[in-house]
Amino acid sequence: MTLSNTAPTAELQALDAAHHMHPFTANGALGAKGARIITRAKGVRLTDSDGAELIDGMAGLWCVNIGYGREELAEAAARQMRELPYYNTFFQTSHVPALTLAAKLAELAPGDLNHVFFACSGSEANDTNIRMVRQYWALKGQPARRTIIARHNGYHGSTMGGGSLGGMAGMHAQGGLPIPGIVHIDQPYWWGEGGEMTPEAFGLARARQLEEKILELGAENVAAFIAEPVQGAGGVIIPPDSYWPEIQRIVDKYGILLIADEVITGFGRLGHWFGSQSYGIRPHIMTIAKGLSSGYQPIGGSIVCDEVAHTIAQDEFNHGYTYSGHPVAAAVALENLRILEEEGIIARVRAEAAPYLAQAWGALADHPLVGEAVSRGMMASLALTPDKASRARFAAEAGTVGYIAREYSFGNNLVMRHVGDRLIIAPPLVISTDDMDALVARARKTLDQTHAHLQ
Ligand code: PLP
């Protein structure tokens, strides 16, 4: 069977429905409807098999930071494939792409985060983190420190480890998650859960749940706390300003390791190389993936501080992936980092793109359906509500109104995602102000259509 971008859409959809099991999808329902087949992309725009052009408000899955169609990355991949398409780094060998990328990441990462363990995805990197923090404490003579504290409605991937660290109820309901030794505290979601409290008081209260959980478990049993600087898949939940300083105080006080999951927030999305820098936090480990290669190749990893890396180095760490530090993926990632750096893309996010998005997106707050319209860097969300004043939720089954809006958005050739009744975007960092205007105009049209639908 040959690959054809030009076959009729119905034929491609039929093949897809017959053989392709899509992630996070009710495949029966999708099969009946037919998937939208994306055939090419350039900049911030996708083209489908019918020739329609869509604005990709999600940068793929929060990953195409430099935009689509950069020839330099294709060249880097081809060059590396010709020179050394594969070699591993297991048994006392290394290769130039992996070691160069590790050194570059050490240079970019804050503080003494100087060491990199490579994986192929964010999920795998978080599985690495579970094993690494437990091994760290074992080597420190404190093997009882095994429990990892995470958050409800956090997302850390889809493997057994990643899905367990995540706090997604729908995932935990399938396949026996979470695995033992992982517990969850509540999220800092003020609009949805803050009640009568001020955002600042609520942020402190939610952070202090970490201290309560540590005391309940006994600090001597706690290995680490993991969280995303801004929750992405949970609905672009931006924590109140009081939240992260209090978390930092608590992890410092009890000497537990802090893992910042930077899979979305890394590589410029919040206007700095890493979200931890935007929030002034000092993690011991950062999980990375997505924007590391702008999604052009599957690569992820853990950037690890001196203390943890030097301790782990005392013994053999019995862990790794065939494709850890894959040379082609590493070469592409290096080229992506060069572009981010040399083209000043992250500085532009900070100085121009994020402030522009905040203003343009924030203007949607006047829409009758919108309870809040918020953004941080190049991540933004809307809460849909039947009553702004009381921050009410729709009575319908959670997510129905969000799903309806998402369908209208797709029809308007704008890729937005819905998480329950939140609509979210995270466009490529290189999006122009004109394209942000076009994106917001399509989002407003979507809201109008959804509003009319509900009347
Ligand atoms: N961590 C976070 C914060 C993510 O958003 C994701 C994916 O969306 C992951 C981990 C998992 O990454 P992957 O899908 O590459 O396994």
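This is a short talk through one predicted protein model and its ligand shell, from the overall fold down to a few odd backbone spots.

Okay, so, the big picture. The protein chain has 17 helices and 15 strands. If you draw a box along the principal axes, the C-alpha atoms fill roughly 65 × 60 × 45 Å. For 455 residues, a compact globule would have a radius of gyration near 23 Å, and this chain comes out at 22 Å, which agrees. As for burial, 48% of the 455 residues count as buried. And if you take the contacts with a separation of 6 or more, 71% of them join residues 24 or more positions apart.

Now the ligand. Which residues come nearest to it? There are 17 residues around the ligand, and the nearest are S121, G122, S123, G157 and V263. By element, helix α6, residues 122–139, gives the most to the shell, with three residues. By type, the shell splits into nine polar, six nonpolar and two charged residues.

Let me move to two helices, starting with α11. That's residues 243–254, so you can find it easily on the screen. Its 12 residues reach 17 Å from first C-alpha to last, close to the 16 Å you'd expect at 1.5 Å a residue. The buried ones are Y243, W244, I247, I250 and V251. Looking down the axis of α11, those buried residues fall within an arc of 120°, so they line one face of the helix. On the other side of α11, D252 and K253 are exposed. And what does the buried set pack against? The partners are two helices, α10 (199–217) and α12 (275–279), plus two strands, β7 (222–227) and β8 (257–261). Just after α11 you get G255, with a positive phi of about 65°.

Second helix: α16, residues 400–411. Here too we have 12 residues, reaching 17 Å between the end C-alphas, close to the expected 16 Å. Its buried residues are V401, G402, A405, R406, Y408 and S409. Down the axis of α16, the buried residues fall within an arc of 160°, so they line one face of that helix. The cover over them includes the strands β12 (379–384), β13 (414–415), β14 (417–419) and β15 (422–425), along with helix α17 (433–454).

After α16 comes N413, and its phi is positive, near 60°. You'll find N413 in the loop between α16 and β13. Buried or exposed? Neither, really: N413 is partly exposed, with 15 other C-beta atoms within 10 Å. Leaving aside neighbours within four places in sequence, N413 is in contact with A52, E53, L54, I55 and R442. Take R442: it is 29 residues from N413 along the chain, with 7.9 Å between the two C-alpha atoms.

That brings me to the other backbone oddities. Just as a reminder, most residues other than glycine have a negative phi, and most peptide bonds are trans. Now look at F24. Its phi is positive, about 45°, and F24 is not a glycine. It sits in the loop between α1 (9–19) and α2 (27–33). F24 is exposed, with 8 other C-beta atoms within 10 Å; the cut-off for exposed is 12 or fewer.

Then there's F267, also not a glycine, with a positive phi near 65°. F267 is in the loop between β8 and α12. F267 is buried, with 30 other C-beta atoms within 10 Å, where 20 or more is what it takes.

And one cis peptide to show you: the bond from L177 to P178, with omega near -5°. P178 lies in the loop between α8 (169–172) and β6 (182–185).

Last stop, R338. This one is in helix α14, residues 327–342. With 14 C-beta neighbours inside 10 Å, R338 counts as partly exposed. If you want a distance to put on the viewer, R338 and A260 are 24 Å apart, C-alpha to C-alpha, and 78 residues apart in sequence.

That's my tour.

Methods. Residues numbered from 1 in each chain as written. Predicted model: local features only at pLDDT ≥ 70, side-chain atom pairs only at ≥ 80, totals over all residues. Helix = DSSP H or I, 4+ residues; strand = E, 2+ residues; numbered from the N terminus. Expected span 1.5 Å × (residues − 1). Arc of directions from axis to C-beta. Contact = placed C-beta atoms within 7 Å. Rg over C-alpha atoms; globule rule 2.2 N^0.38 Å. Near = placed C-beta within 6 Å. Nonpolar A, V, L, I, M, F, W, Y, C, P; charged D, E, K, R; others polar.
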